[in-house]
Amino acid sequence: MAPKPKTTVPDYKNIPHSHRLPTTHREVQRTFSKLSRQSLLSLALQWLAKKNRDFCHPYLLGDRDADEEEEDELYTPAQSYEELQEIYKELAARKGGKREVQDRILEGDWRTGVSMFQLATAEIQYLLDHPSSLRWTAKRLARIPNPKSASLDMEVTNDSEHLPRFQAQTFMANLARELTPLMKAHYLLIRIKTMPMTVLRVYIHDSPYSTETSLAVDSANPDSARSVFFIWPNGSPFVYSSIANHFGQVISDDGRHLRDIVQQAIPKAFSRPSARYQLASTNFTTKSLDALLAYRGPGKSNAASGGWSIFQDHSFSQNALDFITSQRGDGHGKHGSTKDTTGSAVKAGPGRPKRTLDEKETSETKRRREVAAGRFGSSAQPNDGQGLERVEVRIDDPFPSVLNATEQADGDTSNISEQSANRNRRGRPSLLDRSLDEIEELEGGDAWVPDVRVVFQGSHVFAGVRQLVEQGVFNGEKMPGWMTGEAGVTIGAVKEGRIRTKSVQIPGV
Amino acid sequence: MTTAEELDGDINDLHDRITTLKAHRANLASILLSQPHLPMRLEQRPVSNERNRRNAIKLVQKQSKRNLENIHRACASVTAYKVKDPDPYAVDDGNVLGVRIEVSIEGKFVETYHVLFNRPNAVHKTILKIHKHTIPPCIPLQPLAHRWLSTAKKSAEEPTEQDLIKFGRHLRKELVSWHLRLDALEKMRREAKLDEQSAPRERSNAEPSVGTVLNAFVSDDEESEEEDRPDEPDGLLKITSIEADAAVREVTVTWSSGRVGVFKVTKDGEVDKAVVRERDGSRSDSVGRRAIGRIAGLVNRLSQ
């Protein structure tokens, strides 16, 4: 390690990967206690790999000062990297507790401190182990239309680009240039092998200094989240952002503010001369990374969710050279029968209902199941891992029966004041609150439009709706399309049975 | 133990056999049902069971319908169909026009894409709007729609011209060229003997990592220069990885010496810009110049 400078002056540097945090630091303790034994071992081996050694210097025998006592150590320092690698490989080969590994890492081999690189990789490992541990908001990088060359932006030629180009080095340099005057931060950008995406973790260090000593000091607010995650799914214009809060930790306004600063810098870092970008909301928030990749991902499923999913898997049209008609029928039969068995199993499980009743209802339940299959296609299966846990809509249809015009006006105003009071209480305005334009539009019309909001919550909202349709609670044929999830948003306003598209849509590609 | 395992193995073999035989039967059935004179014979010859005959005719009709549809799709490759939106609140009573684009590469239909249109404009009934689609985001669907589909808003101004045929043709071109680039990338990997099936697995066994750290350059330690594996003794350079973005518009090639080349590819598969840098950051122009040309021969040209 380089000798620490005696004086600390504010500077304009990033925090390098190799800066270390003491092992007793709260962030370190929190992150490491969450990880499983297997993940810890794989991380340790990863840190000991040749290319990462610069950033993850362990405590080796050679680092020991001559006058240091040997007896009071629990773990004797290893001679070399190779020896350490062997130790961890051995640990990986046999079974044991997780504590053993955690202690070995924090009190043994990295007793002098855990580097920023290690902390960042550990947090990303946790994120991949638990893909629904954070709440993500999907945004879209939209090109700001150039008034001079509006037509040029939309041109499709042999070498035109319609997506922002992601160059790791340029992007990082631009981002650091935007952010370093405002805060110090540690960045780690990783392209994930198992999922088609790139993760950026920004560890925000709210201090004018970028030295190790300043890092070790815990901030005054112990509960503020320090790191922010951004994910770019490969080959798509979307960005997912999230604040890495630990379980039960409240995201303070400070944390949100810092995330917003980073978020604002991202489109600027993507922009280049004659191609400026901005982040546009896509009305989509969820905890499940799989759902994000399905609804706002790089594949075919973005604009064909809900019942339209039959168009993305090959159930609507077979391969053009597939001439076999009989087998398809077989497959369908099998599919139906498996579904039948699961259905009956569910039914037989809880209350043990009368057999005879069941027999009578079969044609009706079968019809309902077919209706559900028609509305939902192959989507909204309870175990597909693409569950949305919260869907919120505002119904913007006028109240059905119109009675008295004056009363309506009164109702409307009282409603608005109530709403604003509500807003004050909750502190943060909901995305669904009507904008001034929308209120004006409503006042222009003569129908009374109450502010009605419907929230669906659960582990997998649309699978739940599908089950309710299959059980006859919802009428599958009269149900509006947004209840099948085909609108692909988790928050929106409904008018005439359809999710409203925003009147001021951000143009762009 | 062994007997149980043996029995399991036998059962699995039998299952495999059953599936192959079933597939064979289905194949034979469709061949039989496609016989040209079959429906006529079924009509004319006397049969003992009238119901069986009606069933048979139904099957034959189903098969011939499928044959017709498949031939049409295979030959036209952009086909249209009509579907009904099940949503009771859908615009235009749920009438939806679907356009289906088949992508075929090397004698196989690899993928089918759909674009579904509705008619939201009550005044101009002919104006189509993209309702749903299964086009991946790396294909410029929006610009194409902007160019070839009418953009008339609800205001009563006259709609601009709309050309669905041209839209379909351009979209198909984009999709096919994308698949061809993907295919070319696979071939490059095979040429460079980067077996993408086995190599990453071996590597992941050697050093478990969740991914590639892209900003490791932030530290400029001297050590990193020396540490990597030593160059091949005979001075032969090997390509260690070939990577590309989702649209295969930018291909990155890494050599064992630490040399990195970035190649820009146009949509029709021409390498039109190339930058090759040695490990020490110096630019190697000669390799870069050699890279210009078709993507198909890139590995060949680079290893000259």
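I began with helix α3 (residues 50-76) of chain B, and I found that it lies across β1, β2 (95-105) and β3 of chain B, running at about 130 degrees to β1(B). I then turned to α5(B), which also packs on the sheet, where it touches β1, β2, β3 and β4 of chain B and has a direction that makes about 35 degrees with that of β2(B). I note here that this is a predicted model, and that chain B averages a pLDDT of 81, with 84% of the residues scoring at least 70.

Next I looked up the sheet itself. I recorded four strands of chain B in the order β1-β2-β3-β4, forming an open sheet with antiparallel pairing. I see that β1 (78-84) and β4 (129-133) of chain B each have a single partner strand, so one side of each is left without a neighbour in the sheet. For strand β3 (residues 108-118) of chain B and β4(B), I found antiparallel pairing over four bridges, and in β4(B) I noted K132(B) as the bridge partner of L116(B).

I then checked how helix α4 (residues 141-148) of chain B meets helix α5 (residues 164-191) of chain B, and I found an angle of about 155 degrees with the axes 10 Å apart. Because angles over 145 count as roughly antiparallel, I describe α4(B) as roughly antiparallel to α5(B). I listed the residues in contact, among them L144(B) and W148(B) of α4(B) and F167(B) and L171(B) of α5(B). By class, I have six nonpolar, one polar and two charged residues in the contact of α4(B) with α5(B).

Key: Residues numbered from 1 in each chain as written. Chains lettered and ligands numbered in written order. Predicted model: local features only at pLDDT ≥ 70, side-chain atom pairs only at ≥ 80, totals over all residues. Heavy atoms only, no water. pLDDT = per-residue confidence, 0-100. Axes fitted to C-alpha atoms, helices over the stretch in contact; angles between N-to-C directions. Helix = DSSP H or I, 4+ residues; strand = E, 2+ residues; numbered from the N terminus. Parallel < 35°, antiparallel > 145°, perpendicular 65-115°, else oblique. Contact = heavy atoms within 4.5 Å. Nonpolar A, V, L, I, M, F, W, Y, C, P; charged D, E, K, R; others polar. Pairing = 2+ DSSP bridges.
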